[in-house]
Each structure stands twice: as structure tokens, then as C-alpha cells.
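Hi,

Here is the structure I promised to pass on. Have a look at it first, and then read my notes below.

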Amino acid sequence: AESSIAALVAMTYAGEGPVAADPASLSIIALADRLARTNIPVLINGPTGTGKEVLSNFIHRRSTRAAKPFIAVNCAAIPETMLEAMLFGHEKGSFTGANAAGEGFFRAADGGTLLLDEIAEMPLSLQAKLLRALQEGEVVPIGATRPIKVDVRIIACANRDLPHEVQEGRFRADLYYRLNVFPIEMLALRERRADIAPLAFAMLLRHVAKGERMPWISDAALAALANYAWPGNVRELENVMRRALLLSQGHAEIGIEHIVFDMTARAIERPIEAVVPEETAGAAKLSKIVQISEARAIMEALESVGGHRANAARALGISERTLRYRLASFREAGIAVGAGR
């Protein structure tokens, strides 16, 4: 019954907004829905991979700006030297290589919403310009002499502790207070376990090939998902479900043998038992099941590519080094795994 409810939740929200069943998540979505109808800047805090961009998109779609652009900018992904021109635009010839004028993300998002992800990575000089854009509703492109009016709703995301960044002098206090009118705190996936099953079904809906039947998720597989610590949050769950789809091809159901967790550095640093919460009854037994299912998935992947390790690693979405490490740890645990090459 639990799996049916989870699948129903996934289908209801598919493409409509964040998929959630946990009371904590539902209250966050309700708050976001209320905020959507205002023009207040929104600050979304939380660990990497918790779905901050999904929530931002939801806020945009539920706002009066829904028909206008939604533009997401990752401040950490753009080199500092280019970030100013990318955000505020530039005049033709304002710097070497600027052979055409660039409007910048602010003007591109005019009338809509601009998501500034990883805002803690923005240099202090640009933070001052961003504050001005927020206060005055205008931007000054590089090389321009007069400001240009823009009407943009700002959503900022941070995966670092901004009050700490302010204390350390890396983030402007005035900008922080300007953005922090309605902070939203995203929880790690392990803190909202009721979301795991609906999200797992939602990932299947998203990634199942066109015209293919969506497999069901067995109770044992759901239990394994529910008892894992999810260091990579929702992003890791998406990887696990994509892998499960690949490994369960031709089966009507995703079984525990198709669940292969991200071989994260954390899982490698600690024995696999430590990844499973201690309070789980028979934690050691469950971790053994998880280990065996990982081994089986790795064996199947190796078999499907004729024992070629690099190709198997690619199919599993892990590095070759991690695959080698896993094979060695399985041998130590007494689980027989093909030699591979």
C-alpha cells in the first residue's frame, strides 16, 4: 500500500512541482507557494542536491511572472572575470573580445525570475552591484554610463552558512539582510524519509524510455532506499534510480539487486555498515544485503560489457577507481565477483 501511495504522489506532482509526502517538506512547499505571489526576494538554504532549483522553478511557475523567463545562474560555475558581464551585460568594445553588446542575465530575465545559485561564491565587488540592482531595480552594464531599468524577482540559493560568511567578511551583511526576508531551509533527504519513495517513483517516471513500461519498485528495494543515509541527497537518489532502470531492463519490478548506491567517498572511507543508520533493526544484516545487491549489480554490469571494467564503471555511473575498490572490498568480505579486466 505504501508503494502505491508513493507512486500516486509521484504521478500527481510529475512536472507540476516538488514531489513530497513528508510533513516538513509539505510545509516548505506551502510557504513557497505563498511567497510565489509576492515580489519578495527568497533565500533558499540547504545542502547540495536537496532540490533548491526545483523549488525555485516552482516559485516562478506559481507567480504572476510565470509567462516570463526563469533564468538560473550558478555563480560558482562562471569564472569571476566573466560573472559581472554575464549578470549585468556589457557594451560593445567595453573589454577585449567584446565585439558585440551582451544584455546579461538580468535583462534577459526582465519581467521574470532570476535564480542566483551558490550566491556565497559571488565576489564582494559584485555583491555591491547586486545590492544596487535589488534596491534600485536597475543595472549598469560594463562600459555603459547610464543605468537600465529591470524588473526581476531574485531567488538566491546557498549551500554554505551565510551568517558565518558574513561574520568572516566574505559576504556583505547589507546584501544578506536584503535577501533574507523569507529564508527557506531545505532539509537533507535523510531528514525527510517519507519523501524517498515518492521521489524514487518520480525519478522512474522522468527517466523511463518513451514507450517503455515503468517498472514497479519492490518492497525490499524501497526498504533499502529508506534505510540508506543519502549523503548525496536527491541528486544521489536520481543516480540510483537511473542505474536501477538500466539494471532491471526486461524485469517488471526493480528488486533490491538492482539498487546500487553512489559509491561516494563517504561510503568508501567508512565500512558500508556505517552508512546504514544504527537504529535500524538488524543493521548489519541489512548492510550485508545491500553489499550483496551491489556486488550482483556490478557483476551484471561487467557481464553485459564482456568484463570490460571501464565500460562497466561508465554504465554504473562510477569511476573505474571506485569500481576497483568495490571489487577488492567484495573479495575481502567473501563475496565472489568475476575477475573482469
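**Pockets and aromatic pairs**

W216 has a relative accessibility of 32%, so this residue counts as partly exposed. Please keep in mind that the model is predicted.

W216 is also half of an aromatic pair. The structure holds 6 such pairs. In this one, F201 and W216 are tilted, with 4.9 Å from centre to centre and 55° between the planes. The pair links distant parts of the chain, as F201 sits in helix α9 (residues 196–207) and W216 in strand β8 (residues 216–217), 15 residues apart. F201 has a relative accessibility of 1%, so this partner counts as buried. Elsewhere, ring pairs join Y228, W230 and F261 into a cluster.

Now for the pockets. The largest pocket offers about 830 Å³ of space. Its lining is made up of 39 residues, and T50, G51, K52, V54 and V234 lie nearest the centre. Which helix gives the largest share of this lining? That is α3, with 6 residues. Among the elements that each supply at least two lining residues are α2 (23–36), β2 (70–74) and α11 (233–247), and α9 is another. By class, the lining has 19 nonpolar, 10 polar and 10 charged residues.

The second largest pocket has a volume of about 300 Å³. Here 15 residues form the lining, with V208, E212, R213, L245 and Q249 nearest the centre. The largest share, 3 residues, comes from α11. This lining divides into 7 nonpolar, 5 polar and 3 charged residues.

Happy browsing, and best wishes!

Conventions
Residues numbered from 1 in each chain as written. Predicted model: local features only at pLDDT ≥ 70, side-chain atom pairs only at ≥ 80, totals over all residues. Heavy atoms only, no water. Phe/Tyr/Trp six-rings, centres within 6.5 Å; stacked < 30°, edge-to-face > 60°. Helix = DSSP H or I, 4+ residues; strand = E, 2+ residues; numbered from the N terminus. Buried < 20%, exposed > 50% of the residue type's maximum accessible area, 1.4 Å probe, protein only. 1 Å grid on protein atoms, 1.4 Å probe; cavity = no way out; pocket = protein on both sides within 12 Å on 5 of 7 lines; lining within 4 Å. Points joined across faces, edges and corners; volume = space filled by probe spheres on them. Nonpolar A, V, L, I, M, F, W, Y, C, P; charged D, E, K, R; others polar.
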